[in-house]
Amino acid sequence: MNRVDGLPNNFRTHPLQLDPSGDSSNSIDGPDHVKSASSLHETKKANAGIIHGACLTLTDHDRIRQFIQEFTFRGLLPHIEKTIRQLNDQLISRKGLSRSLFSATKKWFSGSKVPEKSINELKNTSGLLYPPEAPELQIRKMADLCFLVQHYDLAYSCYHTAKKDFLNDQAMLYAAGALEMAAVSAFLQPGAPRPYPAHYMDTAIQTYRDICKNMVLAERCVLLSAEILKSQSKYSEAAALLIRLTSEDSDLRSALLLEQAAHCFINMKSPMVRKYAFHMILAGHRFSKAGQKKHALRCYCQAMQVYKGKGWSLAEDHINFTIGRQSYTLRQLDNAVSAFRHILINESKQSAAQQGAFLREYLYVYKNVSQLSPDGPLPQLPLPYINSSATRVFFGHDRRPADGEKQAATHVNLDQEYDSESSQQWRELEEHVVAVVSRGVLPSNFHPTEYCLNSYSDNSRFPLAVVEEPITVEVAFRNPLKVPLLLTDLSLLWKFQPKDVSGKENEEVKELVESEPEMIGTEVVPEFLINSEESKVARLKLFPHHIGELHILGVVYNLGTLQGSMTVDGIGALPGCHTGKHSLSMSVRGRQDLEIQGPRLNNTKEEKTSIKYGPDRRLDPIITEEMPLLEVFFIHFPTGLLCGEIRKAYVEFVNVSKCPLTGLKVVSKRPEFFTFGGNTAVLTPLSPSASENCSAYKTVVTDSTSVCTALISSASSVDFGIGIGSQPEVIPVPLPDTVLLPGASVQLPMWLRGPDEEGVHEINFLFYYESVKKQPKIRHRILRHTAVICTSRSLNVRATVCRSNSLEDEEGRGGNMLVFVDVENTNTSEAGVKEFHIVQVSSSSKHWKLQKSVNLSENKDAKLANREKGKFCFKAIRCKEGEVATQSSEKYTFADIIFGNEQIVSSASPCADFFYRSLSSELKKPQAQSSLHTEKQSIEDTMRLIQKCNEVDLNIVVLWKAYVVEDSKQLILEGQHHVVLHTIGKEAFSYPQKQEPPEMELLKFFRPENTTVSSRPSVEQLSNLIKTSLHYPESFSHPFHQKSLCLVPVTLLLSNCSKADVDVIVDLRHKTTSPEALEIHGSFTWLGQTQYKLHLKSQELHSLQLKACFVHTGVYNLGTPRVFAKLSDQVTVFETSQQSSMPALIIINNV
């Protein structure tokens, strides 16, 4: 081993030799090698301190340089020239015919024997072995010398000649060498007189490989040829040449050639990147088989640069897996972890078994890494994925479930989906109640209370949490693998900066979860299983016990997989999945940070032109001092009602905190739906059990004599919280002593009225309360509740009011009114309602009251079966002076007309409550007002007076009972409907009318001539200024044979309905002379004055004595006088006829 071809191997310790001890994995195992390696190491150590040539001077340097130069020019080159000349002479002398004849003769006569060869020549597979003095070798020697002195042309011709001779002699090894050198000489010739003969090289390689079986020489030849081809930019041919020589017998050689071929592909004019990467992978694989781990890792890393991010996930997985394994073998643990991490976080398309193998390998490597530095920071884990932006934070306790009849307020919880419309409604309700509490002005520092923070909420400010109330963080996990992941000991990672009561910050900052449980309690989830490719949310809690600043950093957990990596699907799930029965195969502890990107800023010009994001502070709550906490429970709260049905329920308010609460209010957009009762509500029983079968109304038993006559009572709307300037939506809850102490609970009655429209109604209640001790950061707290009520049809009520023509039984001034009420049962039998009983009709007004019922039927019970309609008529009169409320006061007069034997006191709770609530919601509706664009103020005043006389401020309340059969039991339901009568003669409804869409009109392309709104009042309005009534006998007997003219006295009563002075003209002349009109009026005439001019003061009554003259018997209509009216201070432009629509018929008999 120490001698090669008889020469001693003195180069074992060459100073430039690579240190084999540097890569123990590449070394050849064996005692000799270990010995030589150690001796080499010692030699290197010994020689390391010696510096060679340190004593040479500059003169010595010059002399050495001069010696070498002279040696070359005087000795070496002349010697080479001489040798070439001698060899050339020998070559020329051998050329020509004689040599040819000699060689031919030699072949013929000596057979296969070759003369002039030494006796010990050996025949082998490579052909002949020549002695040193053989002429063929002399030619070869001359060619080599020419090559050495760069005489490439001559060298090429000599190699060519030698090649022919070697081929003739079948000396294949020599021939291949000559071919190889001939090709190199041809390539190196200056000016390139002949092209590079690549086929020479191919033949030489083939000969070395196939005939001579000498792979080392073939390798050398391939590398030489490849370099030549590369220099000529023939990368494709060079790559093909290199790949051709790869074989299974030597991994190291194949790896080297494949790597070179890969570099050829990347250096082509149009680089073949994928071929480069593929051959790099092949080279890395062969290096790995040859034990060259570092080279293998290098090749895979270079190939990875190409495959990365191209979507070739399976190739990436293979490369990363190999890189991970090789890095682990080389103890490059960080690289190994990084590579395995990439396999897991890419959307892998591998099979479940393969993914399980990758995960186990990753966990194994990770465990080794973490064992190296057990006290270091927790590493970041790649699995499962966390959707940070979907993180939700909830402040407060979980909602209690319903307990029997008790139903807890819905409030806010994490199971509710975000709805922008409803969150806006809640915000408006809170703004409304805060503005009312702050005396009508919303404070500038007001921010709506947010109990649940998500990606839709405004997270630019630090949220406020209350000490001792849990903070729940919902983290959205996703398992991208096809194998289940088991997270154990899952909890939140946080940092807390405590503050003392004075607000100063303590210097120390606690960051570890386990360190300060008395500051922040942390809930640990023992096991959390995420099935394959499943998205799942974990709700993790913190319990703050101290005020300060909390920063939630992320989650910390042990990541593992199930033993045997069996998939747990919905059907094949293990029994007792979350009871600690999972067996972990292996797990590592780590963390994942929750980093939420805020919304993109888009306000200023700079922000619009650049990409900037605002902060998202939902995970950085400030823990504030204690606040009261209210819980609300609803008892006997219905889910279905009839329209207008009144039901009594109870509300329980519980203070579950350690500090008292006050200022409890409830606000709703639908105040007409519920009431806590007014100041008169104390008469009703308080406990739910006592009022099980009682009526919701306050009732008084009446005697039968008072039937159909009104019972009068009065009430002020201030008693019911609907005073002047008050907000009907904000209702104070009548707590005893206005304070609810810690741990105390109170039950209050609550009356509900079914909305007038059928269908499903969502009604939002917002309870507002404050702490007795004022807090600087949190001024108030809120509790939300959404009630869902399904209403079904009950009754439809429509009413009209018109002036009564009869002026008898007048008490004081002003006219009578007739109120017509139609009640229709529109209920379908689905609700199980048998029939409705109208038990009472009440009126409520500041100026009018119902006096009596003028129905002709004697039937007391007003029953309405399915789809039946009932008609009622009532007489209404003005309230007396003592009863009339001034415009500014809020006193209403209630009049009840009873159809049974029990009076429902309509001026008490809850009847009056719902009446006032519906009235206030009615007033809030936009009224269509005609705006008058006239310059004269007086005309507007006149208009107002005329309109006033046309208005009636009368409200009708229809109270009913419904008999319902449910589960073979008969229930009695109660309810009320309201009708608001504004205008005389205009029909009003208890149910909201659907607005008909206006018909499409043609576009007008010209400006209308008169754009001003006419300020003239309508005929309908003016006709109500004066009320007329004719008083006369119904029949009159007269002896026409004695006296041909019959005179009948007639009284014309004129009543001024307005509050202004009116000039009246009464014209008795018949206007028309057509025969039709004569037939209608009959032929009679008025005697005396044909025209009267009168002046009537405000609400004055005037009687005019007239005489009618008849000449025949018959039936006559006396309603011919035409009455004109105008306001005293106005011009005649407002005059119009007051024609009574009712015919005044008289019968003239002959005696």
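In the predicted model, helix α7 comprises the 14 residues 198-211 and extends 19 Å from its first C-alpha to its last, close to the 20 Å expected at 1.5 Å a residue. Six of its positions, Tyr200, Met201, Ala204, Ile205, Thr207 and Tyr208, are its buried residues. These buried residues lie on the same side of α7, because the arc they cover around the axis is only 160°. Their packing partners are the helices α5 (152-168), α6 (172-188), α8 (215-231) and α9 (235-244). After α7 comes Lys213, which has a positive phi near 55°.

Helix α11, spanning residues 273-289, likewise agrees with expectation: its 17 residues should span 24 Å at 1.5 Å a residue, and its end C-alpha atoms are 24 Å apart. The buried residues of this helix are Tyr276, Ala277, His279, Met280, Ile281, Ala283, Gly284, Arg286 and Phe287. Those residues pack against α9, α10 (251-266), α12 (293-307) and α13 (313-329). Helix α9 thus appears among the partners of the buried residues of α7 and among those of α11. Following α11 is Gly291, with a positive phi near 85°.

One residue of α10 illustrates the surroundings of α11. Ile266 belongs to helix α10 and counts as partly exposed, because its relative accessible area is 28%, in between the limits of 20% for buried and 50% for exposed. When residues up to four places away in sequence are not counted, Ile266 touches Pro271, Val273 and Tyr276. Of these contacts, Tyr276 is one of the buried residues of α11. A further buried residue of α11, Ala277, is 11 residues from Ile266 in sequence, with a C-alpha to C-alpha separation of 8.8 Å.

Further along the chain, Lys349 is situated in the loop between α14 (333-345) and α15. This lysine is exposed, because its relative accessible area of 57% is over 50%. Its contacts, not counting residues up to four places away in sequence, are with Ser313, Leu314 and Lys482. Lys349 and Trp312 are 37 residues apart along the chain, and their C-alpha atoms are separated by 9.8 Å.

Several positions show notable backbone geometry. Most residues other than glycine have a negative phi, and most peptide bonds are trans. The peptide bond from Leu383 to Pro384, however, is cis, with omega near -15°. Pro384 is located in the loop that runs between α15 (352-372) and β3 (385-386). Positive phi values in residues other than glycine occur at His636, where phi is about 55°, and at Asp737, where phi is near 65°. His636 is in the loop between β16 and β17 (640-642), whereas Asp737 is in the loop between β23 (730-732) and β24 (739-740). The two residues are assigned to separate classes of accessibility. His636 counts as partly exposed because its relative accessibility is 28%, in between 20% and 50%. Asp737 counts as exposed because its relative accessibility of 71% is over 50%.

A search of the whole structure identified three cavities of 30 Å³ or more. The largest cavity has a volume of about 280 Å³. Its lining consists of 22 residues, of which His397, His411, Leu630, Glu631 and Leu783 are the closest to the centre. Two or more lining residues come from each of β4 (392-395), β16 (630-635) and β27 (780-792). Strand β16 gives the most to this lining, with four residues. By residue type, the lining of the largest cavity divides into 13 nonpolar, three polar and six charged residues.

Over the chain as a whole, the secondary structure comes to 21 helices and 49 strands. Buried residues make up 45% of the 1151 residues. Among contacts in the chain with a separation of 6 or more, 77% are between residues 24 or more positions apart.

Notes
Residues numbered from 1 in each chain as written. Predicted model: local features only at pLDDT ≥ 70, side-chain atom pairs only at ≥ 80, totals over all residues. Heavy atoms only, no water. 1 Å grid on protein atoms, 1.4 Å probe; cavity = no way out; pocket = protein on both sides within 12 Å on 5 of 7 lines; lining within 4 Å. Points joined across faces, edges and corners; volume = space filled by probe spheres on them. Nonpolar A, V, L, I, M, F, W, Y, C, P; charged D, E, K, R; others polar. Buried < 20%, exposed > 50% of the residue type's maximum accessible area, 1.4 Å probe, protein only. Expected span 1.5 Å × (residues − 1). Arc of directions from axis to C-beta. Contact = heavy atoms within 4.5 Å.
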